[in-house]
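Hello,

Here is the structure I promised to pass on to you. Have a look at it first, and then read my notes on its aromatic rings below.

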Amino acid sequence: MPNVSYPKNRWAWVEVDLNAIRKNTRAFKALLEPRTQMMCAVKADAYGHGAVECAKAMASSGASQFAVATVDEGVELRRGGVAQPILMLNECPLEGIDDLLAFDVMPSVYTSGFALAYGERAVSLGKVGRYHLAIDTGMSRIGVLPEDVVEFRRMIDFHRGLECAGSFTHFATADAIGDWDFRQQSLRFSDAVSALEGAGLEVGLVHCDNTPGTVLHPENHFDMCRVGIGLYGLQPSETTAPRIALEPAMSVRARVTRVVNPAVGEGVGYGFTYRVPKPNIQIATVPVGYADGLSRSLSNNMDVLVRGMRARQVGRICMDQFMFAVDVNDIRAYHPATAVERGDVVTLIGRDGDDEISADEMADRRDTINYEVVCNFSQRLDRIFT
Ligand SMILES: *Cc1c(COP(=O)(O)O)cnc(C)c1O
């Protein structure tokens, strides 16, 4: 365990290894031509890792821009002292425009109503409203359709309060290799950018690759890549794993708050979905629950590491706590030291001794992706930076 101070009031926390973040950032930067910028996605509190601290670690390792999903996420970075350009990856309610301009957070733009309101407000404040044009090349999420981009820009470009600082799209299948849908999106994007340039319109920085795109499709790096999940040391897909080595930055840990040795047949947790099957089973309690982002769907379906061993979580995960079982006979056989005690450190995600529980393992057991697992750990768990 790293030598840092742990939360005083709670026996549960998230550790974030900023060295891993820096290493991963440099690994992605090394994939890019020197002239290609790296925009780091630090939305959702840097995928649960702590936005301001991560952004600073990334900025020191090659990042030159940041991407967020909401106005407040942009404001948080500015208040935390992040000075690089920040792009919000969508539009916001018109009421959010004042904060965008006050904190110098660029919106993505794809509706004329938003664009003109943004330009209007910028002019009235004596500012320039810089934005990136979002192009929908097939994801059907946000953006102007490729066939409409030139007309859209002509409709808003008369406004002296607006300045196009970038043009981008987002891929639905960037993790696939040799995928027809990807090629189609890619072609629609380069055609749209050419059409804008052909019409004499400023396109700003051209960008489209996310983490898997950056690794697998270097021909699409253009002026900038938007890297997210990989910076946190997680692979977006099996296809990228052989191409880049990454180091997971997040560990989730807690301390055992109580240990008992119930009689055979006693139940554990709501609904008694687990009953003690034989003598000498320790039931240990951990103060982490679904309100901390540990999905209840993992009940009776996850492991923890304690004293360098794997132990099975048992009973339903509660809002604030869960239990795990340790077969004391096994421990004495393999690990003569001792059984589990109150105060022992329990690892939910991360390494302990020779074993590791990855966000991918937890994602598989929950039938989701590593992105959701790390984002889910809630603000109730302090982030401890190591
Ligand atoms: C989140 C996001 C990214 C980063 O995606 P990763 O798969 O985490 O690399 C890039 N672009 C857009 C538009 C996004 O929403």
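**Aromatic rings**

Let me start with Phe 171, which counts as buried because its relative accessibility is 3%, under the 20% cut-off. Please keep in mind that this is a predicted model.

In total, the structure holds 6 aromatic pairs. A general point helps in reading them: two numbers describe a pair of aromatic rings, the distance of the centres and the angle of the planes.

One of the pairs is formed by Tyr 47 and Tyr 371. Their ring centres are 6.1 Å apart and their planes meet at 35°, so this pair is tilted. Where do the two residues of this pair sit in the chain? Tyr 47 belongs to helix H2 (residues 43-48) and Tyr 371 to helix H12 (residues 370-376), so many residues lie along the chain between them that the pair links distant parts, 324 residues apart. Is Tyr 47 buried or exposed? With 6% relative accessibility, Tyr 47 is buried, whereas Tyr 371, at 24%, counts as partly exposed.

Now back to Phe 171, whose ring pairs with that of Phe 182. Here the centres are 4.4 Å apart and the planes stand at 50°, so this pair is tilted. Phe 171 is in the loop between strand S7 (162-168) and helix H8 (180-198), while Phe 182 is in helix H8 itself, so the pair ties together parts 11 residues apart in sequence. Phe 182 is buried, with a relative accessible area of 3%.

Finally, look for a cluster: ring pairs link Tyr 47, Tyr 232 and Tyr 371.

Enjoy exploring!

Notes:
Residues numbered from 1 in each chain as written. Predicted model: local features only at pLDDT ≥ 70, side-chain atom pairs only at ≥ 80, totals over all residues. Heavy atoms only, no water. Phe/Tyr/Trp six-rings, centres within 6.5 Å; stacked < 30°, edge-to-face > 60°. Helix = DSSP H or I, 4+ residues; strand = E, 2+ residues; numbered from the N terminus. Buried < 20%, exposed > 50% of the residue type's maximum accessible area, 1.4 Å probe, protein only.
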